[in-house]
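Thanks, everyone. I'll keep this short and walk you through one structure. Please have a look at it before I go on.

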Amino acid sequence: MARSSSINQTLAGFLLICATATGLFGQSYYGGVRGAVTDPNGGAVATAKLTLTDEGTGATRATVSGSAGEFVFSELTPATYSVTVESPGFKKFLRKGIAVGTQQQISLDLKLEVGQVSESVQVTEEVSLVEVANASHGQVLDNQKITELPNLGRNPFMLSKLVENVIPVGNPAYNRMEDQSGSSAISISGGPVRGNNYLIDGVPITDAANRAIIIPSLEAVQEVKIQANTYDAEMARTGGGMFNTLMKSGANTFHGSLYGHLRRTAWDANSFFNNAAKVPITDQPNKTWGASFGGPIWIPKVYNGKNKTFFYLGFEHYDDKQSASSLFNTPTALERAGDFSKSVTASGAPLTIYDPLSAVSGGARTAFPNNIIPQNRINTVGLNIASNFQPAQTAPAYYGANNVTASAQLPARAVQYTGKIDEDFTSKWRASISYLRY
């Protein structure tokens, strides 16, 4: 388990605040839609007006088809879009539900029907997610998978085990938001463990040890794309794969969540070793709770951010107590009193206790008779301390062998705050500010 330092927190917060769409960083989460507009016979329709609308925020982009009917909408924030096509002599065309994921280039061919522009045709068929114009390959874990599938530790990066050729190798007990080392022990496509890179909203969050220094709350993540093998040049160096994470943004409607998870010791089974040693289960409760809320920034009679300014806030807290049960060695009652006459080594030979104050003769000191330390040579303070050692539960096979099964608690507490603001200045300029702290 590793905890982020204040320096890491400050640096990460600063980098994420600087994550705007002005091109300061390689915004490698953007996707795109491209294709062609054709008539019923497959002929190209030039100069058709196309309008792309974000179904969540209402933000629009517009373009016209080229001489071959081709069109491109690039640099799209991952979201669900609808596209409208208008051209004289053809019915107005509307297609909804175009889901653009992280770095996905959607190929979309639009066929118009002859008629008046006042008439309309709406198409609702699913869009193929086959990417034909991007060298980046990977799998997107959308918000539904992230929030609804079982996830020990509520860690978005650990869901990568659903993707082929991804193998988590860390201790599953340390996959929480504070466990950067355990959460980063992942091999992608045969790459080295902890050889991956991590992005949040296009900003690198990988430290010098190739760990993700920020593990965002599930409620604050829109999607994570796990990318392997071939990358675009903007993805930069990596010996393994890429976790391309997009934080959730607000939309024109207010939405949020309130949740809590409880685990009580009475619901858990005891461990094998505790049962064998007749040691009761360690009390190890867990309390996890959080909330999220987002929408347009709206100040009554002052400002209405619909279609323009949005916010999203998240909060998560947990109190977790784990069992730290283990096997230990403790001195026997005779050994605590200085009597080692019955103690043996791992080979079965008698254990020899030498007098540390004896003169060295031939490279060896003199052994105590019968391997018993005289009472006048035993320090009273040390003897009193030894009397408080845990009593042995079993006779040790040899000196130093484990003879006690002890249970203890390993408590941990963490809190995370997440915030994001998006501003659509124009149809071609969008800025985002994200802040994460835990």
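Let's start inside. The largest nonpolar core has 30 residues. Which of them have the most contacts inside it? They are Ile-146, Ile-188, Ile-205, Ile-214, Ile-226 and Phe-243. Several strands feed this core. E11, E12, E14, E15 and E23 each supply at least two of its residues. To help you find three of them: E14 covers 221-227, E15 covers 242-247, and E23 covers 409-426. The largest share comes from E14, with three residues. There is also a second, separate core. That one has 22 residues, including Val-45, Leu-50, Val-121 and Val-123.

Before going on, a reminder: this is a predicted model. Please keep that in mind throughout.

Now the sheets. I'll take two of them.

One is an open sheet of five strands. Its order is E9-E14-E15-E12-E13, and the pairing is mixed. Which strands stand at the edges? Those are E9, residues 138-142, and E13, residues 203-204. Each has a single partner strand, so one side of each is left without a neighbour in the sheet. Look at the E13 end. E12 and E13 run antiparallel and are joined by two bridges. Across that pairing, Ile-200 stands opposite Val-203 in E13.

E12 comes after a loop worth a stop. The loop runs between strand E11, residues 186-188, and strand E12, residues 197-200. Ser-189 is found in that loop. Ser-189 is not a glycine, yet it has a positive phi of about 50°. Is Ser-189 buried, exposed or partly exposed? Its relative accessibility is 32%, so Ser-189 counts as partly exposed.

There is another residue like that on my list. Asn-371 has a positive phi of about 60°, and it is not a glycine either. Asn-371 sits in the loop between helix H5, residues 333-336, and helix H6, residues 380-386. Here the relative accessibility is 14%, so Asn-371 counts as buried.

Next, the other sheet. Again we have five strands in an open sheet, in the order E3-E2-E5-E6-E8, with mixed pairing. The edges here are E3, residues 60-64, and E8, residues 120-123. Each edge strand has a single partner, so one of its sides lacks a neighbour in the sheet. On average, neighbouring strands of this sheet are turned by 20° against each other, direction ignored.

Stay with E8. Strand E6, residues 92-100, runs parallel to E8, and four bridges join the two. Take Lys-92 as an example: its bridge partner in E8 is Ser-120.

That brings us to charges. Side chains of opposite charge can pair when their charged atoms come close. How many salt bridges does a search of the whole structure find? It finds 15. I'll pick three.

First pick: Lys-91 with Glu-113. The closest N and O atoms are 3.7 Å apart. This pair links distant parts of the chain, 22 residues apart. Lys-91 is in the loop between strand E5, residues 79-86, and E6. Glu-113 is in the loop between strand E7, residues 105-111, and E8. How accessible are they? Lys-91 counts as partly exposed, because its relative accessibility is 21%. Glu-113 is at 38%, so it counts as partly exposed too.

Second pick: Arg-211 with Asp-207, at 2.9 Å from N to O. Are these two buried or exposed? Both Arg-211 and Asp-207 are buried.

Third pick: Asp-268 with Arg-263, at 3.7 Å from N to O. Asp-268 is partly exposed, with a relative accessible area of 28%. Arg-263 is partly exposed, with a relative accessible area of 28%. This pair belongs to a network. Salt bridges with shared partners join Arg-176, Asp-179, Arg-263, Asp-268 and Asp-320.

One last stop: Thr-282. You'll find it in the loop between helix H4, residues 272-276, and strand E17, residues 286-296. Thr-282 has a relative accessibility of 7%, so it counts as buried. What does Thr-282 touch, not counting residues up to four places away in sequence? The list is Thr-265, Ser-323, Ser-325, Ser-407, Ala-408 and Gln-409.

That's my tour. Over to you.

Notes
Residues are numbered from 1 along each chain as its sequence is written. This is a predicted model: local features need pLDDT of at least 70, side-chain atom pairs count only at pLDDT 80 or more; totals for chains, interfaces and linings use all residues. Side-chain values use heavy atoms; hydrogens and water are left out. Buried means under 20% relative accessible area, exposed over 50%, partly exposed in between (1.4 Å probe, protein chains only). Two strands pair if DSSP finds at least two bridges between them. Axes are lines fitted to C-alpha atoms, for helices over the stretch in contact, and angles run from 0 to 180 degrees between N-to-C directions. A salt bridge is a side-chain nitrogen of Lys or Arg within 4 Å of a carboxyl oxygen of Asp or Glu. A nonpolar core is a set of buried Ala, Val, Leu, Ile, Met, Phe, Trp, Tyr and Cys residues joined through side-chain atoms within 4.5 Å. Contact means heavy atoms within 4.5 Å.
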